[in-house]
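Student: I'd like to learn how to read a protein model that comes with an RNA strand. Could you walk me through it, feature by feature?

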Amino acid sequence: MNPSPVKTRFAPSPTGYLHIGGARTALFAWAYARRHGGKFVLRIEDTDIERSTPEAVQAILDGMQWLGLAHDEGPFYQMQRMYRYKEVIGQMLAAGTAYHCYMSKEQLDALRAAQEAKKEKPRYDGTWRPEPGKTLPTPPSGVQPVVRFRNPTDGVVAWDDQVKGRIEIANAELDDFIIARADGTPTYNFCVVVDDWDMGITHVIRGDDHVNNTPRQINLLQALGAPVPRYGHLSMILGDDGTKLSKRHGAVSVMQYDADGYLPEAVLNYLARLGWSHGDDEIFTMAQFVEWFDLDHITSSAAQFNTEKLNWLNAHYIKLADDARLGQEIRRRLVREGVTETAAPDPAEIAALYKDRVQNLNELADSAHAFYVAPHPSDDLVAQHLTDAAKAALADLRRRLAEADFSPAALAQTLKATLAATGLKMPQVAIPLRVVLLGQPQSPAIDRVLAALGRARVLDRLDRLL
RNA sequence: GUCCCUAUCGUCUAGAGGCCUAGGACAACACCCUUUCACGGUGUGAACCGGGGUUCGAAUCCCCGUGGGGACGCCA
């Protein structure tokens, strides 16, 4: 009476980067295992040698790492398990649950075309399926056969889908699908079954597009005498425009979100909330997510990705983030742009100045840029803001700043002194000053900006434009 | 064509027959805060796909439409 411990898996095929839909599937499978104190397996389904690449494997590993979805077992590679698949195929052939089929691709294509012309569902017609009392055709010489699974012909396959509820499919809808190609290599549905069995997977949490594979896999499992795991099918994620996610939507790779300045915790929180809910909770930590996660509160219909909401979450997590960490992110991005002199001011200090005002790390770095590289305000800006009155005020301020104490509090007093001397209002001085100092009319509180910049930079920039 | 899934504000969703004059969040709009721009705060507008049942009572259960999605490979 050993209750079988929960074991889930994420099984991507390495034919591209880890996209946002795959990331959510991984997140849910991971969370389910964590929630139940079980294991999370990473399996790379690389049997499509034409399209699988080592770069894609690396991209998936990188994406998982960035998100912090650590696996307990694996990564397993299907290409390294060929011996095992061939062994099981041999056993099935011997047991009569699978058989050789000599129908050529051309014949199959013709069969399908004829069925489609008659408006029928295209399916294999069972020519080479052995039956008691049936005489099989003579195998043509020189043709390498494929191996087909002998699928039951009557009854239904049913399972209680953990997210969609009970699903039943008539066996009459299924045909004898190929489990090994003419060259002997096993196919997808077969490898999945052997792997899920061998790896002791108890809960298969995967995309909606696999619903149709499930009855075939259950039949196979049963033919093998293997336990049938529980299945839960997650509906797909649509793009921002409501259409299917594709490369044309831009930032579909998880790592693209890193490049675009998103924090992993924001992406994770967003993804968790996309298709799953816990009452009215919108913002939660991964620890809370793991504690709350269940399959009962997953939405069964497709969800549209909403960048606006992700942006909001990202802004929220940036406000929460540690200044030193944000400083690192600023430095990393500035260096990428060729700004190497980031020793002073301390990027963490600039982060503190701007973290409440930006939606992503790239905006943060863009804001910080002018603190390290003197800006070149456009002629328009200069003409608009650096009026004669403003210049006179800035000249007055410059004289005072040359001697002033550079603490924010003292700077505020200095600014006020200039206002008193010139009779101008704060914005009339502060805005031109921002243009001179940072190249744009908006910024955080001007006294804090002055303090962060430091006397040398401030005076230098004033001198350039006065 | 056949089979399967699906349907609440623009979007993500709450909702397990009465708690629903349908709640929250993003976005939008308005106001407040303010040394600019943001942030933040407060508030407003905004939805149960259609038609039949079942029931004293349906957003919730059933059926039929319709819309959307998926599958039907010697791809995964």
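Tutor: Gladly; we will go through helix packing, burial and the RNA surface in turn. Keep in mind that this is a predicted model.

Student: Let's begin with helix packing. At what angle do α1 and α8 pack?

Tutor: For a pair of helices, look at the angle and at the distance between axes. Here α1 (residues 20–35) and α8 (residues 264–273) meet at about 80°, and their axes are 10 Å apart. Angles of 65 to 115 degrees count as roughly perpendicular, so α1 is roughly perpendicular to α8.

Student: Which residues of α1 and α8 make the contact?

Tutor: From α1 come Ile20, Ala23, Arg24, Leu27 and Phe28, and from α8 come Val267, Leu268, Leu271 and Ala272. Sorted by class, the contact has eight nonpolar residues, no polar ones and one charged residue.

Student: Next, burial. How many residues of α5 are buried?

Tutor: A residue is called buried when its relative accessible area is under 20%. Helix α5 (residues 188–198) is mostly covered, with eight of its eleven residues buried. Those are Asn189, Phe190, Cys191, Val192, Val193, Val194, Asp195 and Asp196.

Student: What do the buried residues of α5 pack against?

Tutor: Their partners are the strands β1 (7–10), β2 (39–44), β8 (178–180) and β9 (203–207), together with the helices α3 (82–95) and α6. After α5 comes Gly200, which has a positive phi near 70°.

Student: And α6, how many of its residues are buried?

Tutor: Helix α6 (residues 214–224) is also mostly covered: nine of its eleven residues are buried. Among them are Thr214, Arg216, Ile218 and Leu224. Just after α6, Gly225 has a positive phi of about 75°.

Student: How do I read a single charged side chain, say Asp388: is it buried or exposed?

Tutor: Check the relative accessibility, then the contacts. Asp388 belongs to helix α15 (residues 388–401), and because its relative accessibility is 67%, Asp388 counts as exposed. Its C-alpha atom is 76 Å from that of Ile201, a residue 187 places away along the chain.

Student: What about Asp396, buried or exposed?

Tutor: Asp396 lies in α15, and it counts as buried because its relative accessibility is 10%. Setting aside neighbours within four places in sequence, Asp396 is in contact with Thr418 and Ala421.

Student: Which residues does Asp258 touch, beyond those up to four places away in sequence?

Tutor: Asp258 touches Trp66, Arg332 and Arg333. It sits in helix α7 (residues 254–259), and at 11% relative accessibility Asp258 therefore counts as buried.

Student: Now the RNA. Which residues come nearest to RNA strand B?

Tutor: Start with the surrounding residues, then ask which parts of the strand they meet. Of the 60 residues around RNA strand B, Asp48, Lys119, Arg181, Arg357 and Ser443 come nearest. Sugar and phosphate make up 66% of the strand's atoms that come within 4 Å of the protein. By class, this surface has 21 nonpolar, 16 polar and 23 charged residues.

Student: Where does Ala182 meet RNA strand B?

Tutor: A backbone N or O atom of Ala182 is 3.1 Å from a base oxygen of RNA strand B. For Asn212, a polar side-chain atom lies 3.1 Å from a sugar or linking oxygen of the strand. With Glu308, a polar backbone atom is 3.5 Å from a sugar or linking oxygen of RNA strand B. Elements giving two or more residues to this surface include α4 (105–117), β7 (165–170) and α10 (307–320).

Technical notes
Residues are numbered from 1 along each chain as its sequence is written. Chains are lettered from A and ligands numbered from 1 in the order in which they are written. Side-chain values use heavy atoms; hydrogens and water are left out. Axes are lines fitted to C-alpha atoms, for helices over the stretch in contact, and angles run from 0 to 180 degrees between N-to-C directions. Helices (H or I, at least four residues) and strands (E, at least two) are DSSP runs, numbered from the N terminus. Angles under 35 degrees count as roughly parallel, over 145 as roughly antiparallel, 65 to 115 as roughly perpendicular and the rest as oblique. Contact means heavy atoms within 4.5 Å. Ala, Val, Leu, Ile, Met, Phe, Trp, Tyr, Cys and Pro count as nonpolar, Asp, Glu, Lys and Arg as charged, and the others, Gly among them, as polar. Buried means under 20% relative accessible area, exposed over 50%, partly exposed in between (1.4 Å probe, protein chains only). A residue is near a molecule or strand if one of its heavy atoms lies within 4 Å of it. A polar contact is a pair of N or O atoms within 3.5 Å; within protein, one must be able to donate a hydrogen and the other to accept it, and residues adjacent in sequence count only if both atoms are side-chain atoms.
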